Amino acid sequence: MRTSAFRREKTSEFVISCVADNGHTSWRSRISVAPTLQDLIRFLLFRFEPETSHRLVLGLLRRASEHRVLLRLLQPPAAITKAPLAVRIMGLTFPNPLGLAAGFDKNATAIPAFAAMGFGYLELGTVTPRPQHGNPKPRLFRLNEDRAIVNRMGFNSVGLDRFLANLRNAPGSVPLGINIGKNADTPLAQAEADYLHGLSRVYASADYVTVNVSSPNTPALRELQEGRRLHDLLQALKQRQSELSRQHGRYVPLALKIAPDLSEPELDQITDNVLRHRVDAVIATNTTLQRPASLRSRHASQTGGLSGRPLKSLSTDTVARLANRLGGEVPIIGVGGIEDDDDAWDKLMAGAVLLQIYTGIIFQGPALVGKVLKGIQRRMEKMQLSDLADAIRHARQTSDYGNRG
Ligand SMILES: Cc1cc2nc3c(=O)[nH]c(=O)nc-3n(C[C@H](O)[C@H](O)[C@H](O)COP(=O)(O)O)c2cc1C
């Protein structure tokens, strides 16, 4: 056996081949010695203040959205985008179950770029009726050691007029959810008017509309999740939805996004209202106000909502508690701390049928989308099932979460 030979293949990869005495290569191995382009981009972006990085990324994605060649750079391999992962719920067909969570593209400025990443759908917003700046800066904190974020953005929004103008310029290739909220200076007693206005304005442009009553960064907003208040709000919204549906000749489903910090009685009230008013889906969850003892970052005590890894089990638990109560009558969209396909699968096993990610993309970049979808696809292949709904049903029957329901 002769000494190994090194050959540079790409800028970041070397191939080591070990050549036997008779001249035949007996084995070869490919090693990566340099950071990937994504690692490098992340390294550079993490030098900036989090909100500056976010603005830079969105600016780049907005530009990429205008160039087909650049969009191609964002795409996962075709084998993943063409995989049979379609989900049919709320009367809609989603090409795959993984969506972009609300808050990333609040103003609908980079839709083609996010769609190119392989997401099965995008939730845009939260959009408020009138433009507003949100809370004073700094208001976004990266908790690197905890793979988490704390934000107290407070619905910074360009408002409905500009949001809808942005949306009109974006060719839609995947279903679009639009997440609506209220302005910070609208008193809680008049919140209903803001939501009704939001629903009426976005109705024609949305595949589904999310009613966000769970952001912790708009004073008292979460009180709208409470029994009587939620009842009144949902009744008004469902009534308006039915009028709009007649007017537009198209039914646009309504989803309710809830917090992960709900007691059992609070969750009971929510599910009673969801069932009673026939809400089309529940999104669980928004960020948490809790601060698990495991947090190590110096930003852990910043005021705001915590997302990412420390939110994962809290949100998956909320999905499972919801699933027990809703008994399959209303679809659940699971979001909170998804970092890989295991986390995604846990949420599906807990009762979710669609998923969303935000913080995972900040730490791992767009490749995470392909990684998660590939993992789901691998599981389906192992079960020899080609329909995702069948695979989920089959796997739930043998999982802990599945046995709870
Ligand atoms: C910076 C930031 C801004 C957010 N803005 C919104 C928002 O405007 N509306 C909303 O419903 N959720 C918002 N969220 C919550 C996310 O949509 C998601 O529910 C939450 O972050 C949990 O998912 P993750 O752990 O994958 O990030 C925001 C999250 C972050 C980190």
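Helices H11 and H13 cross in the right-handed sense in this predicted model. Two packed helices are described by the angle between their axes and the distance between the axes. Here the axes of H11, residues 341-350, and H13, residues 367-383, come within 8 Å and cross at roughly 60 degrees. Angles of 65 to 115 degrees would count as roughly perpendicular and those under 35 degrees as roughly parallel; H11 and H13 are therefore oblique to each other.

On the H11 side, the contact is made by Asp341, Ala344 and Trp345. H13 contributes Lys371, Val372, Gly375, Ile376 and Arg379. Taken together, the residues of this contact between H11 and H13 divide into four nonpolar, three charged and one polar.

The strands can be taken next, beginning with the barrel. Eight strands close into it, with parallel pairing, in the order S6-S7-S10-S11-S12-S13-S15-S16. From one strand to the next, the twist averages 25 degrees. One of the pairings is that of S6, residues 98-100, with S7, residues 121-127, which runs in the parallel sense over two bridges. Within S6 and S7, Leu100 stands opposite Leu122 of S7.

There is also an open sheet of three strands, where the pairing is antiparallel and the order is S8-S9-S14. Strands S8 (140-143) and S14 (305-308) stand at the edges of this sheet. Each of these edge strands has a single partner strand, so one side of each is left without a neighbour in the sheet. The twist in the open sheet averages 20 degrees from one strand to the next. Strand S9, residues 148-151, pairs with S14 in the antiparallel sense over four bridges. Val150 stands opposite Leu306 in S14.

Strands S9 and S14 appear again in the surroundings of the ligand. The shell around the ligand holds 27 residues, and those that come nearest are Ala101, Gly103, Ser307, Tyr358 and Thr359. Which elements give two or more residues to this shell? They are S9, S14 and helix H12, which spans 359-364. By residue class, the shell around the ligand divides into 14 polar, eleven nonpolar and two charged residues.

Two of the shell's contributing elements, S9 and S14, are thus placed in the open sheet, where S14 is an edge strand. The third contributing element is helix H12.

Key:
Residues are numbered from 1 along each chain as its sequence is written. This is a predicted model: local features need pLDDT of at least 70, side-chain atom pairs count only at pLDDT 80 or more; totals for chains, interfaces and linings use all residues. Axes are lines fitted to C-alpha atoms, for helices over the stretch in contact, and angles run from 0 to 180 degrees between N-to-C directions. Angles under 35 degrees count as roughly parallel, over 145 as roughly antiparallel, 65 to 115 as roughly perpendicular and the rest as oblique. A crossing is left-handed if the near helix is turned anticlockwise from the far one by less than a right angle, and right-handed if clockwise. Two residues are in contact if their C-beta atoms, placed from the backbone, lie within 7 Å. Ala, Val, Leu, Ile, Met, Phe, Trp, Tyr, Cys and Pro count as nonpolar, Asp, Glu, Lys and Arg as charged, and the others, Gly among them, as polar. Two strands pair if DSSP finds at least two bridges between them. A residue is near a molecule or strand if its C-beta atom, placed from the backbone, lies within 6 Å of it.
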